[in-house]
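Student: I would like a close look at one part of this chain, taken slowly and with each term explained. Could you choose a part and show how it sits within the whole?

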Amino acid sequence: MLASISHVVVNLSHPTSVFPVDNGKKGSSSSSSSSSSSSSSSSGSTTTTTTTSSSHVDAPASREQGRKCYTYPHTEMWGEAAVWGADHRTDSAEECCQRCKQHMPEGDDAIPCNVWVWCGEAGPCGRQYKECWLKHLAQPQASKPVRQGPHIPWTSGTMDVDLNFDPLVNGKKGNPEERKFHVVTSAQGGAVHWQIRIHYYWYKKQKALCEKQGGCEMGGFTRLLHSGAPDNLMDEIPTVVVNPLPKELVEHLWYIVLNRPYAFVQWLQKAKIKERYILMSEPDHIFLRPMPNFMVGETPGPVSKRQLEEIAPIGNSPTFMSVSDARKTMQLWMNISIAIFKDEEASKAWGWVQEMYGFALGAWKAGIKRFDLHLQMMAQPPWDDKLEFAPGRPFFINHYTYGMDYTLDGKFTPGKIGQWRFDKRSHGAHPIPRNMDSPPAGMRNELVRQLIDAFNEATDAIPCWNQYRESMGAIVTSDCGESPKHYLLEEQKAKAASATV
């Protein structure tokens, strides 16, 4: 099974989406060829990296009857061409939508239409005027449009999926106390030691703001340390220590990430989790604002094309799950990740992200056949550049996994070392310094600028960061004459006030 799907699933990555979705670059409607973007979905209530909710996806219809069409003017969408527009024209967007509704061929490997694009402006469209492309895109809500804006002559549409659905506005919400989620962040090794301190600072600050605003759904926090031994952050960060994957099961020294699935198995066996839900996070996530619970629902061999589309194009983080779904999934995630690692072809094809695919396959095997996907849940600079995914829809997590390179004039130089740059890999086990240089004044990426500001605030707030850095993370102390600052000072005052009551 792994060998038979590896060439398909590997193509699910592209740096501009939030768990990267392949945007194919095979061309688009405007180049008279198909453009494909593969992403997948899963069951009712699990919410992930890119997240949507079950309530915005209409129930499957029998053939074309009852299928609902959502339309997006001035938008060109990706998709594998089911019917080429060069030989297929309609007089209106409505007629193109109707053709898409009707295009539902039989068979597991057939390509039904769930996305259409129509060019309706004679001048800008030129020879493509009135072309109606019928396409198929697995999980349309997990992929950004090819192009969008008032200058785009294309109108696009989706079947039964509303790309403008916002679970934070339209979703079915309940009692915030019943919807609280526990953040669990897995970590091991010096490379993430400084990252987890900054990550926890921003979790605490945003949770405090969340509680001040009222109706807060953010719950507790656990650092899941899968080294097998306590470290010097035990007094600073709530931590559960679990064992790494035994060498007797598999020799995996070069792939430390294989410890993660086993860590979650152990955590769920020993932890008493008060909250109903969990959010799996990572040390290189910066919480940009109070985090809501994105979940809307309550339950979440060779394979066919249709089965492949049931397998979500995600890793385990950031992913919301109910605790009950997590208990069903984690053992499968561990076993499948080990099987992938031992499978030479699959391990080579999936490389460093193989346990992410292990999670997606594990969830599918656990019966979670549709994940709710939201692009606004997490930004990935430098490929994302705005603090908002769309007007009025802000990002909630800033994920700094990619290098960021710019000239001193602020020009982005992807693939080329910049005169100004940040890459977490350049720091490794050596914590970042205080007062990092701001990006060049002409640099327009809001997320990169926010990231450096977030680093500088956290390292200034945490006492004795200079000593921590000089010792390569070995010394974690408050005995250097410094007082907490920023949010940590507010936290200290609140604790003192509470103690006197």
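Tutor: What follows looks closely at one helix, α11, and then at its surroundings.

This is a predicted model, in which local features need pLDDT of at least 70 and side-chain atom pairs count only at pLDDT 80 or more, while totals for chains, interfaces and linings use all residues. Residues are numbered from 1 along each chain as its sequence is written, and side-chain values use heavy atoms, with hydrogens and water left out.

The chain has 13 helices and 21 strands, where helices (H or I, at least four residues) and strands (E, at least two) are DSSP runs numbered from the N terminus. Of its 501 residues, 56% count as buried; buried means under 20% relative accessible area, exposed means over 50%, and partly exposed lies in between, with a 1.4 Å probe and protein chains only.

Helix α11 covers residues 446–461. The expected span of a helix is 1.5 Å times one less than its number of residues, so the 16 residues of α11 should span 22 Å, and this agrees with its end C-alpha atoms, which are 22 Å apart. At the N-terminal end of α11, Asn445 acts as a cap, with a side-chain oxygen 3.0 Å from the backbone nitrogen of Leu447. Such a polar contact is a pair of N or O atoms within 3.5 Å; within protein, one must be able to donate a hydrogen and the other to accept it, and residues adjacent in sequence count only if both atoms are side-chain atoms.

Helix α11 is mostly covered, since twelve of its 16 residues are buried. Among them are Leu447, Val448, Leu451, Ile452 and Phe455, but also Gln450, Asn456 and Glu457. Leu451 also belongs to a separate core of 25 residues, which includes Trp202, Met443 and Tyr468 as well. A nonpolar core is a set of buried Ala, Val, Leu, Ile, Met, Phe, Trp, Tyr and Cys residues joined through side-chain atoms within 4.5 Å. In soluble globular proteins, nonpolar side chains tend to be buried together.

Glu457 deserves a separate look. Glu457 is buried, with a relative accessible area of 18%, and forms a salt bridge with Lys205, the closest N and O atoms being 2.6 Å apart. A salt bridge is a side-chain nitrogen of Lys or Arg within 4 Å of a carboxyl oxygen of Asp or Glu. The partner, Lys205, is partly exposed, at a relative accessible area of 26%. The structure holds 23 salt bridges, and another one joins Lys424 and Asp284 at 2.5 Å, N to O. In that pair Lys424 is buried at 15%, and Asp284 is buried at 3%.

To place the helix in the whole, turn to the largest nonpolar core, which has 42 residues and in which Phe264, Trp267, Met280, Met321 and Met330 touch the most other members. Helices α6, α8, α9 and α10 and strand β12 each supply at least two residues of this core, and the largest share, nine residues, comes from α8. Leaving out residues up to four places away in sequence, Met280 touches several residues, including Val184, Phe264, Met321, Met330 and Phe359; contact here means heavy atoms within 4.5 Å.
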